[in-house]
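Work through the exercises below with the sequence and the model open. Try each task before reading its solution.

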Amino acid sequence: MMEIVLITGMSGSGKSIALRALEDAGYFCVDNLPPELLQPFVALEHQHHGNRLAIAMDVRSATSLPQVPARLAQLRQQGCSVLCIFLDASTGTLVRRFSETRRRHPLFGAEQAKGRQALALVIELERELLAELREQAHVIDTSNLRASQLQAYIKDLIGTDKGTLSLVFQSFAFKRGVPVDADYVFDVRMLPNPYYESELRELTGLDAPVIGFLEQEPEVATMQQHITAFLDHWLPAMARNHRSYVTVAVGCTGGQHRSVYLVEQLAQHFRPHWPTLRRHRELDGR
């Protein structure tokens, strides 16, 4: 069976990094393929380069983007396994990246002003043009990710079972922003905080002393039960609706103790029933 990974998303969000990760994983990669060439290119590459193909498409093919969902559906009908990954980032992050690299946004005409305000408007236009593709893809927020983190996340995704809904549990710090790729966000900042225990401050929710502290707090157990009950109830319905991935983000103040602990506990509970991935945004970046 032909395995196809479509990388799409916002300009400046890390698509080149994602393609490098896929190339390292053994995929034949091509950037900026026009949607009109998708079917013939897949057929050609299937003959010459094996069964693993990664393609990047984005707003550089703006006029043809509306064709992509139907063309992907045709490939699935032909028996291809298709995984769509959409890389996103906050507008402020994208403006900063373009300013630092001095690259021109692909939607800018040569005659247009290049100020930060104009760039932000163009980025919002790009969001509108890519909205349908985003709805059908697994979204990764790269705003606070290093290149090595993004590469690891991509390799984790392609290693999951493509035939069923997969869960992604992610811890994060509210002080660094809510992940834009989250389908559900749970705020656990009201729970007892190990940070205020001097012997626990430098540890994380992966360490035994912090785990022991949180296991003794009834409110933590209640929060875990409520999140578990919500997901147990609704995940089968989402699977019946042909969802491929559901990202559950759990946030605390620093993304170090409470959210990390709960992500680990939730992943352990759901792993026997669903393909499950864990991410710790603030810890993975250390």
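**Exercise 1. Which strands does helix α9 lie across, and at about what angle does it run to β6?**

Conventions come first. The model is predicted, so local features need pLDDT of at least 70, side-chain atom pairs count only at pLDDT 80 or more, and totals for chains, interfaces and linings use all residues. Residues are numbered from 1 along each chain as its sequence is written, and side-chain values use heavy atoms, with hydrogens and water left out.

Step 1. Locate the helix: α9 covers residues 258-270. Helices (H or I, at least four residues) and strands (E, at least two) are DSSP runs, numbered from the N terminus.

Step 2. List the strands. Helix α9 lies across β6, β8 and β9. Contact here means heavy atoms within 4.5 Å.

Step 3. Take the angle: α9 runs at about 170 degrees to β6. Axes are lines fitted to C-alpha atoms, for helices over the stretch in contact, and angles run from 0 to 180 degrees between N-to-C directions.

**Exercise 2. Give the strand order of the open sheet that holds β6, and find its edges.**

Step 1. The order is β7-β8-β6-β9, with parallel pairing. Two strands pair if DSSP finds at least two bridges between them.

Step 2. β7 (184-187) and β9 (276-280) each have a single partner strand, so one side of each lacks a neighbour in the sheet. The twist averages 15 degrees from one strand to the next.

Step 3. Add helix α6 (residues 147-158). It touches β8 (245-252) and β9, and its direction makes about 170 degrees with that of β9.

Step 4. Check one pair. β6 (residues 166-173) and β9 share 5 bridges. One of the residues to inspect is serine 171, whose bridge partner in β9 is histidine 280.

**Exercise 3. Describe the burial of helix α2.**

Step 1. In α2 (residues 38-48), Leu38, Gln39, Phe41, Val42 and Glu45 are buried. Buried means under 20% relative accessible area, exposed over 50%, partly exposed in between (1.4 Å probe, protein chains only).

Step 2. Seen down the axis, these residues fall within an arc of 165 degrees, so they line one face of the helix. The arc is that of the directions from the helix axis to the C-beta atoms. On the other side, Gln47 and His48 are exposed.

Step 3. Find the partners. The buried residues of α2 pack against β1 (3-9), β2 (28-31), β3 (52-56) and α3 (68-77).

Step 4. Look at the α3 partner. The axes of α2 and α3 come within 10 Å and cross at roughly 35 degrees. Leu38, Gln39 and Val42 of α2 meet Arg71, Leu72, Gln74 and Leu75 of α3.

**Exercise 4. Which residues touch the most other members of the largest nonpolar core?**

Step 1. Define the set: buried Ala, Val, Leu, Ile, Met, Phe, Trp, Tyr and Cys residues joined through side-chain atoms within 4.5 Å.

Step 2. The core has 32 residues, and Leu38, Val42, Ile55, Leu72 and Leu75 touch the most other members. Helix α5 (116-135) gives the most to this core, with 5 residues.

Step 3. Follow leucine 72. Not counting residues up to four places away in sequence, leucine 72 touches Leu6, Leu38, Val82 and Cys84.

**Exercise 5. Is strand β4 enclosed or open?**

Step 1. 8 of the 8 residues of β4 are buried, so the strand is largely enclosed by the rest of the structure.

Step 2. Trace the pairing. β4 runs parallel to β1, with 7 bridges, and parallel to β5 (residues 138-141), with 4 bridges. Isoleucine 85 stands opposite isoleucine 7 and also opposite histidine 138 in β5.
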